[in-house]
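Here is a short tour of one model, written for someone who likes to check distances and angles. Please keep the viewer open while you read.

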Amino acid sequence: HVARAPAALSLSEMLGGISPSVPDARGLQVTVGNRVATVLGYAGRLGDGGLREELMGVVAKESSLAAIRAASDAEPCWRVKFLGHSYGGMALTYLGSQLRPRMLPENAKLLAELTGLREPLSLG
């Protein structure tokens, strides 16, 4: 069993949302719905360089399209790689608000660093 972050605790919320400096979240394990992924890196703000239009062109789910339409241009986006046999190897860009950090011991040190805590989170 793996604990999940509350729905309101997204990667965007944890990392300061629209802060001008974006922490390096590479390697952090997150969930997107029921799927598990690893953060590969920061993709940019949704309103920068046509990122919103790019995502609108590749997304098929209506709920995801609605989230992209409703999100602020300042919404940070990250590239993630899915784990497991169904989505293994796929790298896609997601809104930070759609990514939930996994509450795992392996994530504790990185989460502490990203959020500015002095001590790693106790997830045991």
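Two aromatic pairs turn up in this predicted model. The one formed by Tyr-42 and Trp-78 is edge-to-face, with 5.7 Å from centre to centre and 70 degrees between the planes. Because Tyr-42 sits in strand β3 (residues 35-45) and Trp-78 in strand β4, this pair ties together parts that are 36 residues apart in sequence. The two partners are placed unlike each other with respect to the surface: Tyr-42 counts as partly exposed at 36% relative accessibility, whereas Trp-78 counts as buried at 2%.

The pair of Phe-82 and Tyr-94 is also edge-to-face, because the planes stand at 80 degrees, with the ring centres 5.9 Å apart. Here strand β4, which holds Phe-82, is linked to strand β5 (residues 91-95), which holds Tyr-94; the two residues are twelve positions apart. Both Phe-82 and Tyr-94 are buried. For quick reference, here are the two pairs side by side.

| Aromatic pair | Centre to centre | Angle between planes |
|---|---|---|
| Tyr-42 and Trp-78 | 5.7 Å | 70 degrees |
| Phe-82 and Tyr-94 | 5.9 Å | 80 degrees |

Now for the charged side chains. How many salt bridges does the structure hold? There are two. Asp-73 forms a salt bridge with Arg-52, and the closest N and O atoms are 2.6 Å apart. This bridge links distant parts of the chain, since Asp-73 belongs to the loop between α3 (62-70) and β4 (76-82) while Arg-52 belongs to helix α2, 21 residues apart. Asp-73 is partly exposed, with a relative accessible area of 48%, but Arg-52 counts as buried at 15%. A salt bridge also joins the side chains of Glu-62 and Arg-69, again with 2.6 Å from N to O. In that bridge, Arg-69 is partly exposed, at a relative accessible area of 47%.

Glu-75 deserves a look of its own. This residue is found in the loop between α3 and β4, the loop that also contains Asp-73. Is Glu-75 buried or exposed? Glu-75 is buried, yet has no salt bridge. The nearest side chain of opposite charge is that of Arg-45, 7.7 Å away, and a salt bridge calls for a nitrogen within 4 Å of a carboxyl oxygen. What does the side chain of Glu-75 reach? It reaches the backbone nitrogen of Gly-96, at 3.2 Å. Setting aside neighbours within four places in sequence, the contacts of Glu-75 include Ser-12, Gly-44, Leu-46, Leu-95 and Ser-97. Arg-45 and Gly-96 are among these contacts too.

Stepping back to the whole protein chain, you will find four helices and six strands, arranged along the sequence in the pattern β-α-β-β-α-α-β-β-β-α. Buried residues make up 38% of the 124 residues. Of the contacts with a separation of 6 or more, 60% come from residues 24 or more positions apart.

Finally, a word on confidence. The protein chain averages a pLDDT of 79, and 75% of the residues score at least 70. Among the elements, helix α2 (residues 51-58) has the highest mean pLDDT, at 95, and strand β1 (residues 3-4) the lowest, at 57. Helix α2 is also the element that contributes Arg-52 to the salt bridge with Asp-73.

Note on methods. Residues are numbered from 1 along each chain as its sequence is written. Side-chain values use heavy atoms; hydrogens and water are left out. pLDDT is the predictor's confidence in each residue, from 0 to 100. Buried means under 20% relative accessible area, exposed over 50%, partly exposed in between (1.4 Å probe, protein chains only). Rings of Phe, Tyr and Trp (its six-membered ring) pair if their centres lie within 6.5 Å; planes under 30 degrees apart count as stacked, over 60 as edge-to-face and the rest as tilted. Lys and Arg count as positive and Asp and Glu as negative; His and the chain ends are not counted. A polar contact is a pair of N or O atoms within 3.5 Å; within protein, one must be able to donate a hydrogen and the other to accept it, and residues adjacent in sequence count only if both atoms are side-chain atoms. Contact means heavy atoms within 4.5 Å.
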